[in-house]
Amino acid sequence: MKPLNLFLLLTFVLFIIGFGITGILISIDSPNYLVVLAQIVMAWTPTAAFAIIHRRVNPGRSIWRYIADRFTAPIKLLPLLATIFIPVVATIIVWVGYSMVSGEAIFDLVAKLSVGSVLLMFLDSLIRGPLGEELGWRGYLQIELNKRFSLLKSSLIVGGIWGVWHLPLWFISGFQGVNLLLYIVFFMIGLVSFSVIIGYIYSRGGNLFYAILLHQMLNFSGRLLEMDELTVLGGSSAVYLLIALVISLIQSR
């Protein structure tokens, strides 16, 4: 089996195994730290899959050298600002927009958290998301697809795979019927659009740090709002779709 295909197979299989183990731990009332540990392992399956196939892709080169090379490009101010402000601005648009439409006081829609809780949430989002995923998604898969397709097309493919990889989580989201369908549609539009954004900024900056930070800000900023999850997801996916369309036009020129 080709390394790329093996990577994809392992990523999905390992994630499903982790999902099953997590479900078992929850069903037998295991201590919370074991459940959290299993969830962290699930998030790191793209990195685990890459570690398994690394020798076939880069014979004679250590995985640590490969990882270090993904971070050697100097950090540039413009891509750095984009990685921070794009998710933050999207969240603010959804936050303010919902307040205006619903009539609810704007600060009633923000989670009431202490500084310590915010820092803990930030760390939790980082460990259970981008830190474990991005070496696989952008550090390997995006780079391999860029050799075969345009940046835009490879970003769309990565986004589709990235979205479907979350499939088991859709069915424990708590949504049913039409709301579940809307959740899946919004989720896929948002993630594919965001993949275009990450792919573009990563290609311009050349450092995997941008992809990790973008992914982190996506996950973290949404958790600061106390709003209906479907509303947040639908609004943010619309914003990211518009940004992705602008990027697509820039790339097609």
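Student: By class, what makes up the lining of the second largest pocket?

Tutor: In this predicted model, that lining has 8 nonpolar residues, 2 polar residues and no charged residues. The residues are Val88, Thr91, Ile92, Trp95, Val110, Met217, Phe220, Ser221, Leu224 and Leu225. Thr91 and Ser221 belong to this lining, and they count as polar because Thr and Ser are in neither the nonpolar nor the charged list.

Student: Which helices supply at least two residues of that lining, and what is the volume of the pocket?

Tutor: H5 and H11 each meet that condition, and the largest share, 4 residues, comes from H5. The volume is about 160 Å³.

Student: What is the corresponding description of the largest pocket?

Tutor: About 1400 Å³ of space lies in it. Its lining comprises 42 residues, of which Leu169, Tyr183, Phe187, Asn219 and Glu229 are the closest to its centre. By class, the lining divides into 22 nonpolar, 15 polar and 5 charged residues. The helices that each supply at least two lining residues include helix H1 (3–27), helix H8 (151–165), helix H10 (177–205) and helix H12 (229–252).

Student: Why is Trp95, one of the residues lining the second largest pocket, called buried?

Tutor: Its relative accessible area is 17%. Buried means under 20%, so a residue at that value receives the label.

Student: Trp95 forms an aromatic pair with Phe107; what makes that pair edge-to-face?

Tutor: The planes stand 70 degrees apart, and an angle over 60 counts as edge-to-face. The centres are 6.1 Å apart, and the limit for a pair is 6.5 Å. Both conditions are therefore met.

Student: Which parts of the chain does that pair tie together?

Tutor: Trp95 lies in helix H5 (residues 77–102), while Phe107 is in the loop between H5 and helix H6 (115–127), so the parts joined are 12 residues apart in sequence.

Student: Is Phe107 buried or exposed, and what value decides the matter?

Tutor: The relative accessible area of Phe107 is 59%. Exposed means over 50%, so Phe107 is exposed, whereas its partner Trp95 is buried.

Student: How many aromatic pairs are there, and why is the pair of Phe50 and Tyr140 called tilted?

Tutor: The count comes to 13 aromatic pairs. For Phe50 and Tyr140, the centres are 5.2 Å apart and the angle between the planes is 40 degrees. Stacked requires under 30 degrees and edge-to-face over 60, so this angle falls in the remaining class, tilted.

Student: What makes this pair a link between distant parts of the chain?

Tutor: Phe50 is in helix H3 (residues 45–57) and Tyr140 is in helix H7 (residues 130–146), with their positions 90 residues apart in sequence.

Student: Why do Phe50 and Tyr140 count as buried?

Tutor: Phe50 has 0% relative accessibility and Tyr140 has 1%. The cut-off is 20%, so both residues are buried. Phe50 and Tyr140 also belong to one aromatic cluster, together with Phe7, Phe15, Tyr66, Trp137 and Trp165.

Student: Where does the charged end of Arg70 sit in relation to this cluster's Tyr66?

Tutor: The charged end of Arg70 sits over the ring of Tyr66, 4.3 Å from its centre; the distance limit for such an arrangement is 6 Å. Arg138 has its charged end over the ring of Trp162, at 4.5 Å from the centre.

Student: Why is Ile21 called partly exposed?

Tutor: Ile21, in helix H1, has 44% relative accessibility. That value lies between the 20% and 50% cut-offs, so the intermediate label applies.

Student: What is notable in the phi of Asp29, and why is this residue called exposed?

Tutor: Its phi is near 55 degrees, a positive value in a residue other than glycine. Asp29 is in the loop between H1 and H2. The relative accessible area is 69%, and exposed means over 50%, so Asp29 is exposed.

Student: Why is the protein chain described as being as compact as a globular protein of its length?

Tutor: The chain has 12 helices and 0 strands. Its radius of gyration is 18 Å, close to the 18 Å that the globule rule gives for 253 residues, so the description follows. Of those residues, 44% count as buried.

Conventions: Residues are numbered from 1 along each chain as its sequence is written. This is a predicted model: local features need pLDDT of at least 70, side-chain atom pairs count only at pLDDT 80 or more; totals for chains, interfaces and linings use all residues. Side-chain values use heavy atoms; hydrogens and water are left out. Rings of Phe, Tyr and Trp (its six-membered ring) pair if their centres lie within 6.5 Å; planes under 30 degrees apart count as stacked, over 60 as edge-to-face and the rest as tilted. Buried means under 20% relative accessible area, exposed over 50%, partly exposed in between (1.4 Å probe, protein chains only). A charge sits over a ring if NZ of Lys or CZ of Arg is within 6 Å of the ring centre and within 35 degrees of the ring normal. On a 1 Å grid over the protein atoms alone, a cavity is a set of points where a 1.4 Å probe fits but cannot get out, and a pocket is an open set with protein on both sides within 12 Å along at least five of seven lines; lining residues have an atom within 4 Å of a point. Grid points are joined across faces, edges and corners, and a volume is the space filled by probe spheres set on the points. The radius of gyration is taken over C-alpha atoms; the globule rule is 2.2 Å times the number of residues to the power 0.38.
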